[in-house]
Amino acid sequence: MPFRSLTDPVDLAHAIAAVEEVWAEIRSTSYALLGTEEQERERLKFIVASLVPMALDEKELVARAVERFIGNARKNSVSAGREDEEPLAP
């Protein structure tokens with residue numbers, strides 16, 4: 001339950017709306033998901049819940065959540081190669 005920590009109804013509403021907006025943006029692009037759709041939506045909910053206290057408004061919340069979600073996906077999809085090689089860029 002990622003939104004359990006959100007006690008303010010306004011924050012909760014912003015978080016739910018942000019998840020839907022971010023998810024729509026992610027699905028409309030070619031970002032590779034790291035897990036199943038259900039797992040990735042759950043991961044997104046945790047990301048949004050962690051960002052709610054820092055965001056000034058819903059627009060900023062969405063922008064930060066997209067950045068965090070995509071940044072995590074890119075970091076995790078980089079090939080490590082051999083131990084003595086530099087990782088490949090995405």
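This report walks through a predicted model of a protein chain, from its overall fold to a few individual residues.

## Overall layout

The chain is built from 3 helices and 0 strands. Following the sequence from start to end, you will meet the pattern α-α-α. Of the 90 residues in the protein chain, 29% are buried.

How much of the contact network links residues far apart in sequence? Among contacts with a separation of 6 or more, 52% are between residues 24 or more positions apart.

## The nonpolar core

The largest nonpolar core has 21 residues, and the members that touch the most other members are F3, V22, L44, V48, L61 and A65. Helices α1, α2 (37-51) and α3 each supply at least two residues of this core.

V48 is a good residue to click on if you want to look around the core. Setting aside neighbours within four places in sequence, V48 is in contact with F3, A15, A18, V19, L61 and A65. V48 is also one of the buried residues of α2.

## Helix α2

With 15 residues at 1.5 Å a residue, α2 should span 21 Å, and the distance between its end C-alpha atoms is 21 Å, so the two values agree.

Which residues of α2 are buried? They are E40, R43, L44, I47, V48, A49 and L51. The list includes the charged residues E40 and R43. As general background, an α-helix has 3.6 residues a turn, so residues three or four places apart point the same way.

## An aromatic pair and a charge over a ring

A search of the whole structure turns up 1 aromatic pair. Its partners are W23 and F69, arranged edge-to-face, with 6.4 Å from centre to centre and 85° between the planes. W23 belongs to helix α1 (residues 9-27) and F69 to helix α3, so the pair ties together parts that are 46 residues apart in sequence. Are these two residues buried or exposed? Both W23 and F69 are buried.

F69 has another partner to look at. The charged end of R43 sits over the F69 ring, 4.0 Å from the ring centre. R43 itself is among the buried residues of α2.

## E60, R64 and M54

E60 is located in helix α3 (residues 58-77). Its side chain makes a polar contact of 2.8 Å with the side chain of R64. Not counting residues up to four places away in sequence, E60 touches M54 and A55.

M54 sits in the loop between α2 and α3. Its relative accessibility is 43%, so M54 counts as partly exposed. Beyond the residues up to four places away in sequence, M54 touches E60 and R64. M54 and R64 are 10 residues apart in sequence, with 9.6 Å between their C-alpha atoms. Together, these contacts give a small picture in which M54 touches both E60 and R64, while E60 and R64 are joined by their side-chain polar contact.

## R27 and S5

Where is R27 found? R27 is in helix α1. With 43% relative accessibility, R27 counts as partly exposed. Leaving out neighbours within four places in sequence, R27 is in contact with L33 and E37. The C-alpha atoms of R27 and E37 are 9.8 Å apart, and the two residues are separated by 10 residues along the chain.

S5 lies in the segment before α1. S5 has a relative accessible area of 57%, and because exposed means over 50%, S5 is exposed. S5 and A49 are 44 residues apart along the chain, and their C-alpha atoms are separated by 7.8 Å. Unlike S5, which is exposed, A49 is one of the buried residues of α2.

Key
Residues are numbered from 1 along each chain as its sequence is written. This is a predicted model: local features need pLDDT of at least 70, side-chain atom pairs count only at pLDDT 80 or more; totals for chains, interfaces and linings use all residues. Side-chain values use heavy atoms; hydrogens and water are left out. Helices (H or I, at least four residues) and strands (E, at least two) are DSSP runs, numbered from the N terminus. A polar contact is a pair of N or O atoms within 3.5 Å; within protein, one must be able to donate a hydrogen and the other to accept it, and residues adjacent in sequence count only if both atoms are side-chain atoms. Contact means heavy atoms within 4.5 Å. Rings of Phe, Tyr and Trp (its six-membered ring) pair if their centres lie within 6.5 Å; planes under 30 degrees apart count as stacked, over 60 as edge-to-face and the rest as tilted. Buried means under 20% relative accessible area, exposed over 50%, partly exposed in between (1.4 Å probe, protein chains only). A charge sits over a ring if NZ of Lys or CZ of Arg is within 6 Å of the ring centre and within 35 degrees of the ring normal. A nonpolar core is a set of buried Ala, Val, Leu, Ile, Met, Phe, Trp, Tyr and Cys residues joined through side-chain atoms within 4.5 Å. The expected span of a helix is 1.5 Å times one less than its number of residues.
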